[in-house]
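Hi everyone, thanks for making time for this. I have one structure to walk through, so let me put it on the screen and we can go around it together.

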Amino acid sequence: MTLIDIRNASFAYEEKEIFNNVNLSVSKGEICCLMGPNGCGKSTLLDCILGFLRLSRGEIFLGGRPFLLYKIADLARQIAYVPQLHTRSFPYTVEQIVLMGRTTYGNGIAGPNKKDRELAFEALETVGMLHLAERPYTKLSGGELQLVILARALVQETPAIIMDEPTAHLDFRNELLFMETVAKLVQQKNVGILMATHSPNQAFYFENKGLSVQVSVMGNQTILQKGTPDEVLTEETIRKVYRIEAKRAVYQDEQGIMRQIIPRGSL
Ligand SMILES: Nc1ncnc2c1ncn2[C@@H]1O[C@H](COP(=O)(O)OP(=O)(O)OP(=O)(O)O)[C@@H](O)[C@H]1O
């Protein structure tokens, strides 16, 4: 089932065209990695799907229904969002921040119920942050905060999650923990993920795990290439899109095949 379907989408800031004629879809149980150089329009496209910006032309369908027919509360049951950086406001506890993901299932002034709390604790455990449940979230490191924001997306229980360079601020271990959690979500809950990333190796990570992965490469104001990581992320594409001389390495052991891009030098 197609969760996100973008058809012939174009967007412009006043006179400045950012992208044109973009087609992209994400199905249940699939990860779509949106790649492309800085400034090519990845975040702008994600912002259009989330309703922060409006396409100049084209259409977006969510779960088969035109985007424009969704009310905000319905949208929050269809798509959760993990931004690159969350701006902190008041010193809510980590538990309260995660519970905000349940707002769409609204209990009004009664506030969160037992099920909401159980889901929040479960999600915090999944991302390895349960021990911080009582801490003011303003006192978390950037990496801890990102994992808490992922937990908030999990309790929203949406079929699709949009992520905008979600691991940009995570250390080596937390990046892996984040990636493992995303892989688990797709495998166990059949969630569809659309994720902007700068790392070809993240796309390979998911493919190496046997998940269904698509890579869409943005550039020159459109989608230049689309396919599996193995098909798209070749040494030639990396050279053309990122102007990097790279080698593609293949490592095989008892756990299977692992592909990785190794950068050798900029061009
Ligand atoms: N409010 C705005 N008005 C005009 N141009 C804008 C505005 N916001 C962003 N842009 C431009 O739109 C283009 C696309 O930006 P966008 O953030 O979508 O790129 P991106 O691919 O996500 O980049 P990055 O990889 O650096 O995050 C950039 O050239 C940017 O300068």
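Let's go straight to the ligand. Which element gives the largest share of the shell around the ligand? That is helix 1, with 3 residues. Please keep in mind throughout that this is a predicted model.

In total, 13 residues surround the ligand, and the closest are Asn-38, Gly-39, Lys-42, Ser-43 and Thr-44. If you sort the shell by character, you get 4 nonpolar, 6 polar and 3 charged residues.

Now for the individual contacts. Asn-38 places a polar side-chain atom 2.8 Å from an oxygen atom of the ligand. Lys-42 also has a polar side-chain atom 2.8 Å from a ligand oxygen. With Cys-40 the backbone is involved: one of its polar backbone atoms is 3.2 Å from an oxygen atom of the ligand. How much of the ligand's accessible area does the protein cover? On its own the ligand has 650 Å² of accessible area, and the protein covers 61% of that. As for the elements that contribute two or more residues to the shell, they are strand 2 and helix 1, the latter running over 42–50.

Strand 2 brings me to the salt bridges. A search of the whole structure turns up 10 of them. One of these pairs Arg-57 with Glu-17, at 4.0 Å from N to O. Arg-57 belongs to strand 4, residues 57–62, while Glu-17 sits in strand 2, so this bridge ties together parts that are 40 residues apart in sequence. Are these two partners out in the open or tucked away? Arg-57 is partly exposed, at a relative accessible area of 45%. Glu-17 is partly exposed too, at 27%.

Let me move along the chain to a second pair, Asp-230 and Arg-248, whose side chains meet in a salt bridge at 2.5 Å, N to O. This pair also links distant parts of the chain: Asp-230 is in helix 8, residues 229–232, and Arg-248 is in strand 11, residues 244–253, with the two positions 18 residues apart in sequence numbering. Asp-230 counts as partly exposed at 31% relative accessibility, and Arg-248 counts as partly exposed at 23%.

A further salt bridge joins Arg-239 and Glu-245, where the closest N and O atoms are 3.5 Å apart. Arg-239 has a relative accessible area of 33%, which makes it partly exposed, and Glu-245, at 31%, is partly exposed as well. There is also a network to look at: Arg-102, Asp-116 and Glu-157 are joined by salt bridges that share partners.

Stay with Glu-157 for a moment, since its backbone deserves a look. Its phi is near 50 degrees, a positive value in a residue that is not glycine. Where does Glu-157 lie? You will find Glu-157 in the loop between helix 5 (142–155) and strand 7 (160–164). At 39% relative accessibility, Glu-157 counts as partly exposed.

Glu-14 belongs in this part of the talk too. Again we have a non-glycine residue with a positive phi, this time about 45 degrees. Glu-14 is in the loop between strand 1 (2–13) and strand 2 (16–27). Is Glu-14 buried or exposed? Glu-14 is exposed, with a relative accessible area of 80%.

Next, the surface. Phe-90, Tyr-92 and Met-100 make a nonpolar surface patch of about 300 Å². Within that patch, Phe-90 lies in the loop between strand 6 (79–82) and helix 3 (94–99). Phe-90 is exposed, with a relative accessible area of 58%.

Let me finish with a loop residue on the inside. Thr-197 is in the loop between strand 8 (192–196) and helix 7 (200–208). With a relative accessible area of 3%, Thr-197 is buried. What does its side chain contact? The side chain of Thr-197 is joined to that of Gln-202 by a polar contact of 2.9 Å.

That's my tour. Happy to turn the structure around to any of these spots while we talk.

Conventions: Residues numbered from 1 in each chain as written. Predicted model: local features only at pLDDT ≥ 70, side-chain atom pairs only at ≥ 80, totals over all residues. Heavy atoms only, no water. Helix = DSSP H or I, 4+ residues; strand = E, 2+ residues; numbered from the N terminus. Buried < 20%, exposed > 50% of the residue type's maximum accessible area, 1.4 Å probe, protein only. Patch = residues over 30% accessible without salt bridge, like charges linked within 9 Å, V, L, I, M, F, W, Y side chains within 5 Å. Areas by Shrake-Rupley, 256 points an atom, 1.4 Å probe, with all protein chains shown as cover. Near = heavy atom within 4 Å. Polar contact = N/O pair within 3.5 Å; in protein donor to acceptor, adjacent residues only side chain to side chain. Nonpolar A, V, L, I, M, F, W, Y, C, P; charged D, E, K, R; others polar.
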